Structure formats: C-alpha cells, structure tokens
Amino acid sequence: MAEMEDILRALLRRALSERGGEARTLTGITIDSGWRRFEPRLCAEFSDGYRTSHSLTPSACFAFCERHGVWDIAALRGLLLQDMRRIHAQMLREHRAQRGAGRQTWIAMLIRRLRGRLRRRPGRQLPAIEAVFRRHFLDESGEAWERGLQLLEENLSPEQRRQYDASGYFDVTGGASGKRYRIRQGSSMNVEQLDKRGRRVCTLCFMPAGRLVTGDVMLAQKVALEVFERDALKVANKFY
Amino acid sequence: MGVQIVMDRSGDTRHEFDTADREAVARAEQRFLELTGKGFRAVALGKDGGPGTLMRNFDPTVEQSLFIPQLQGG
C-alpha cells in the first residue's frame with residue numbers, strides 16, 4: 001500500500017514541479033500493459049493534456065488490490081483515481097504552503113522582491129514575503145497556520161475554492177458596490193481592486209488587528225469586502 | 001447547536017453552545033457583547049462560502065458566527 005502511495009506521490013510530484021503544474025487537474029489514470037520484459041506503467045492524465053507515467057511493480061499492484069479487495073481493472077482504476085485525487089489535493093496544499101513559507105532564506109526572498117519592484121508593471125502580481133516573515137519573525141506556529149488555512153477554505157464558495165486551488169488567489173464581489181476584488185495569498189498588500197476587464201485598478205492594504213495568521217487575514221478580508229465593504233475601504237490604504 | 005468562531009493568533013477558538021440550553025445561550029450572548037464591545041465584528045456566516053450578514057445584535061438561531069477583530073490599514 002505504501003509502495004503504491006509512493007508511486008502516486010512520485011507521479012504527482014513530477015506533475016506539480018513542472019511549469020503550470022498547480023493549474024492542472026487530474027482527469028484520469030490508466031495502466032499500460034508491459035511489453036516483453038518491461039514492467040507495466042501507471043499513467044496519470046491531466047486537464048491540459050500533460051501525461052506522466054511510472055513503472056508499476058506486480059507486488060505493489062497486488063498489495064493494493066488485496067488491501068481493497070478489488071480484482072477487476074475498472075474498479076482498480078476507480079480506486080487509484082480516488083486515492084490520487086486525495087493525495088493531489090493534499091500535495092497542492094503543501095505546495096502552496098511551502099511556496100508561501102519559501103524554501104529560500106528570507107534575505108534571498110527580499111532581494112527577489114526588490115528586483116521585482118524595479119521591473120514591476122501595472123497589474124503584475126506582488127511578490128509576497130509576508131509568509132516567510134510571519135513564520136520566522138512573528139513566531140507563528142505551523143498548527144495555527146494550518147487552522148487559519150482550514151477556516152479560510154471552509155468558508156470559500158466552490159468557485160473561490162477552485163480558483164484558490166488553481167491560482168493561489170480568489171475573487172470577491174463587494175457587497176455594497178458590486179466591484180470585483182482579488183485576494184492573493186498573503187497578509188498585507190494582497191488585495192487588489194479590479195476593473196471590468198479584470199485588470200488591477202489599485203492595491204488595498206487592510207487587515208484585522210492582532211497579528212492573525214494568513215488564512216484568518218484572508219478570510220477577514222473576504223468577509224469584510226462582502227459584508228461591510230464601505231467600512232473596510234475607509235480604513236484601507238490604497239496604492240495606485 | 002450554535003458555534004461562535006473567534007479569530008485569534010492560534011488560528012481560531014470555537015465556542016459551541018446548545019440553543020436549547022438557556023444558560024449556554026446567555027453565556028454566548030455575554031461573549032457576543034464582550035467581543036463586539038472590544039471592536040470585533042460579528043458576522044453570520046453564509047452557506048457554502050456565500051456572503052454572510054453582519055450581526056448587530058445577538059441571534060441565537062445563527063448556526064455559525066465569526067468574530068473578526070477591528071480592521072486596520074496596513
């Protein structure tokens with residue numbers, strides 16, 4: 001079982017590590033039969049046509065089938081797909097958190113941000129080092145971080161959740177004005193007001209008091225814009 | 001059963017109360033008044049992530065209420 005999970009993780013790791021990996025959704029799984037002395041291969045297919053495969057040992061396949069009590073190929077594929085989707089969602093979350101926390105040192109991230117600032121164009125996504133800063137300097141625990149993220153995800157609409165999973169941001173409609181806002185992963189300078197074409201009009205900076213974790217901050221920003229937009233805009237600093 | 005979710009540095013703290021229990025409802029109302037008195041905003045969360053509604057008064061029939069600390073500009 002562990003071996004099969006390792007194979008699924010290896011496939012997903014490869015799919016996620018390549019360009020556009022986070023935007024891909026898993027669409028299918030196939031088992032290509034072995035040819036002559038070659039082992040069969042487990043192939044994962046994604047929404048953008050990307051396909052990746054890994055050798056499948058008979059022992060791993062047998063252990064998986066025995067554990068689940070399935071002995072026909074259709075049921076096996078169904079179970080593998082179900083398992084792979086679960087692992088994919090989990091890896092996406094880890095990938096996002098890792099990207100937020102950053103593998104690089106904070107100084108390298110800071111240099112990257114300063115470089116980005118020099119060549120920033122209107123509408124370009126702001127590079128975020130807030131996550132790194134918060135975890136390293138504000139002593140945010142990983143558990144609090146997870147809880148915040150979980151609370152946020154529980155309160156996103158299905159469309160916002162899909163958008164957040166795919167792109168790391170989600171859009172919100174202002175409750176009073178009907179204007180569109182984009183909330184990006186981060187705790188400050190992470191809200192953008194968009195025009196009708198989806199282009200950035202300005203960046204808004206507001207957050208709840210008390211050094212909350214990123215998930216809480218993003219949820220507070222979403223709720224504020226949906227429920228008491230005018231009050232939120234009154235306190236927000238705007239950057240054009 | 002009602003839940004009051006208070007945002008804090010640990011992520012959040014959840015206070016559950018039985019809507020049929022008068023004492024529990026009174027404690028929940030007291031918590032509501034204390035938090036809103038400190039500047040928290042109480043929002044009745046919408047279903048499936050939909051927009052919620054601002055709670056100006058305590059309503060024991062609300063299933064999930066979220067307490068957000070006062071907003072500040074960054």
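The mean pLDDT of chain A, that is, the predictor's confidence in each residue on a scale from 0 to 100, is 79, and 79% of the residues of chain A reach 70 or more. This is a predicted model, in which local features need pLDDT of at least 70 and side-chain atom pairs count only at pLDDT 80 or more, while totals for chains, interfaces and linings use all residues. Residues are numbered from 1 along each chain as its sequence is written, chains are lettered from A and ligands numbered from 1 in the order in which they are written, and side-chain values use heavy atoms, with hydrogens and water left out.

Over residues 119–127 of chain A, pLDDT stays under 50. For that stretch the model has 10 contacts (heavy atoms within 4.5 Å) beyond four places in sequence.

I turn to the strands of chain A. Strands here are DSSP runs of E, at least two residues long, numbered from the N terminus, and two strands pair if DSSP finds at least two bridges between them. Chain A has an open sheet of 3 strands in the order E1-E2-E3, with antiparallel pairing. Its edge strands, each pairing on one side only, are E1 (26–32) and E3 (51–55). E1(A) pairs with E2(A), residues 41–46, over 6 bridges in the antiparallel sense; within this pair, Leu26(A) has Phe46(A) as its bridge partner.

Now chain B. Which strands pair with E5(B)? E1(B), residues 2–8, does so in the parallel sense over 4 bridges, and E3(B), residues 41–44, in the antiparallel sense over 4 bridges. Ser65(B) in E5(B) is the bridge partner of Gln4(B), and Ala44(B) also stands opposite Ser65(B).
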